[in-house]
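Me: I would like to learn how to read the features of a structure one at a time, taking the general idea before the particular case. Could we go through one together?

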Amino acid sequence: MTKQWKVNRRGLLRGGGALAAGAVVPWAAGAAAGGTTKLHILGSRAGPSVGGGQYQTSYAVTVGDALYMVDCGYGATEQLVRAGLRPQDLRDLFITHHHPDHNIELGTLIYFAWYAGLVKPLGIYGPPPVKAMTQSYLAALKPDIDIWLDDIGHPPLGPIDVTELSRPQDVMDDGTVKVTCTVVNHPPVVPALGYRFDTPDRSIAFSGDTTPVPAMVELARGADVLVHEAIYTDDNVTANRSGNGDARVDSGESGSAIAGDAQKLLDHVLGSHTKAEDAGRIAAEAGVKTLVLAHTVSLVPGVTDGMWIAAARKHFDGEVIYAHDLMVI
Ligand SMILES: [Zn+2]
Ligand SMILES: [Zn+2]
């Protein structure tokens, strides 16, 4: 079932229609779809580069009408709408760490949620200095917000409650979802967080960006779904230090060029992330039902969905899904 569904999805992407403006792609993934709680892959692209028909990291969790988001990389707001969700319904945003592919649309998301009619308090959670970052965005947005207040009588922006997190803890429980977090390992960004959502019918854990860590096994233990970041590499890259640490850079893909040191990028990718095989190991140790590989970067060209899934399955015999933008799981 997974294979047939994957082939169809790739066909859609090649057809060029899936990412057209306003497109809504109602992909429903595998056996896990259908319950009240749904996981929406808004963006699956890793790293600060743009393009390639793929948006940066962001996920939505919906429980009936309740909407929550994890991370808001570039394209998150647009993808939220393409997923058929309403920015003004956003209750809480959880940021895993302060890399731009996870937080660059913090201000954008707040603005368009407000413009669309957000009047309820918005909760924002993340590592320090998320309070100062939010305040800076709000200061930058104030002239634009003030114009609409006067010009069309738009309601003022409601309260935004920002909570900084830097240790494993219970984060919030609003009676619909209970969210906990743990600290993962993503040098040099400290702290970097993983989150777990427990809803009445489902549990979903998010690794954020991290090397393989026992804390993630503990956070995800017994969960229905683990969304784990992953890299795909081979012995040539790791032993010979070949390439730039990102096949998109190696291939000269527009939007993926780096101005920094290629060897430093390679060191970062190998030293701060998780190989697909190890994501499978984490999933197996945690005893989850479904592993979703998202925020994926291949260090070698030509890696297919099937190769990613096979790598994760070396140590995990549950369901493995290779994430694409706008999947619903
Ligand atoms: Zn990232
Ligand atoms: Zn990162």
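Reply: Let us begin with exposure: a residue is called buried under 20% relative accessible area, exposed over 50%, and partly exposed in between. The model before us is predicted, and in it D89 is partly exposed, with a relative accessible area of 21%.

Me: With which residue does the side chain of D89 meet in a salt bridge?

Reply: The partner is R86, and the N to O distance in this salt bridge is 2.9 Å. R86 is also partly exposed, its relative accessible area being 46%.

Me: How many salt bridges are there by this rule, and which residue forms one with D170?

Reply: The count comes to ten. D170 is paired with K178, and the closest N and O atoms of the two are 3.9 Å apart, a value to be read against the cut-off of 4 Å. D170 is exposed, at 55% relative accessible area, whereas K178 is partly exposed, at 34%.

Me: Which parts of the chain does the pair of E277 and K314 tie together?

Reply: The salt bridge between E277 and K314 has its closest N and O atoms 3.4 Å apart. Because E277 belongs to helix 10 while K314 sits in the loop between helix 11 and strand 14, the pair ties together parts that are 37 residues apart in sequence. E277 is partly exposed, with a relative accessible area of 21%, and K314 is exposed, with 58%.

Me: Let us turn to the metals. Which residues are the protein donors of the zinc ion (ligand 2)?

Reply: The zinc ion (ligand 2) has as its protein donors H97 through NE2, H99 through ND1, H186 through NE2 and D209 through OD, at 2.1 to 2.3 Å. Along the sequence these donor residues follow the spacing H-x1-H-x86-H-x22-D. H97 lies in the loop between strand 5 (90–94) and helix 3 (100–103), and D209 in the loop between strand 11 (203–206) and helix 6 (214–220), so this pair ties together parts that are 112 residues apart in sequence. H97 is buried, with a relative accessible area of 0%, and D209 is buried as well, with 2%.

Me: Which residues are the donors of the zinc ion (ligand 1), and which residue bridges the zinc ion (ligand 1) and the zinc ion (ligand 2)?

Reply: The protein donors of the zinc ion (ligand 1) are D101 (OD), H102 (NE2), D209 (OD) and H295 (NE2), lying 2.1 to 2.2 Å from the ion. The bridging residue is D209, and the two zinc ions lie 3.3 Å apart. D101 in helix 3 and D209 in its loop are 108 residues apart, so that this pair, too, links distant parts of the chain, and both residues are buried.

Me: How should the angles at a metal be read?

Reply: Ideal angles at a metal are 109.5 degrees for four tetrahedral donors. The four donor atoms of the zinc ion (ligand 2) make angles of 92 to 161 degrees, and the site is irregular; the site of the zinc ion (ligand 1), with angles of 89 to 172 degrees among its four donor atoms, is likewise irregular.

Me: And how does one read aromatic pairs?

Reply: A pair of aromatic rings is described by the distance of the centres and the angle of the planes. A search of the whole structure finds 14 such pairs. Y111 and Y115 are stacked, at 6.4 Å centre to centre and with 10 degrees between the planes; they are four residues apart in helix 4 (residues 106–116), and therefore separated by about one helical turn. The rings of F197 and F206 have centres 5.7 Å apart and planes at 75 degrees, so this pair is edge-to-face. F197 and F206 are both buried, and ring pairs link them into a cluster with Y59, Y68, F94, Y125 and Y195.

Me: What, finally, should I look for in a nonpolar core?

Reply: In soluble globular proteins, nonpolar side chains tend to be buried together. Here the largest nonpolar core has 36 residues, and those with the most contacts inside this core include M216, L226, V288 and W308. Helix 10 gives the most to this core, with five residues. Leaving aside residues up to four places away in sequence, V288 touches A220, A223, L226, A283 and F316. Apart from this core lies another, of 29 residues, among them I41, F197, A294 and I329.

Key. Residues are numbered from 1 along each chain as its sequence is written. Chains are lettered from A and ligands numbered from 1 in the order in which they are written. This is a predicted model: local features need pLDDT of at least 70, side-chain atom pairs count only at pLDDT 80 or more; totals for chains, interfaces and linings use all residues. Side-chain values use heavy atoms; hydrogens and water are left out. Donors are N, O and S atoms within 2.8 Å of the metal (3.2 Å for Na, K and Ca); water is not among the atoms, so sites may look incomplete. Four donors count as tetrahedral if all angles lie between 85 and 135 degrees; four count as square planar and six as octahedral if opposite donors are over 155 degrees apart and all others between 65 and 115; anything else is irregular. Helices (H or I, at least four residues) and strands (E, at least two) are DSSP runs, numbered from the N terminus. Buried means under 20% relative accessible area, exposed over 50%, partly exposed in between (1.4 Å probe, protein chains only). A nonpolar core is a set of buried Ala, Val, Leu, Ile, Met, Phe, Trp, Tyr and Cys residues joined through side-chain atoms within 4.5 Å. Contact means heavy atoms within 4.5 Å. Rings of Phe, Tyr and Trp (its six-membered ring) pair if their centres lie within 6.5 Å; planes under 30 degrees apart count as stacked, over 60 as edge-to-face and the rest as tilted.
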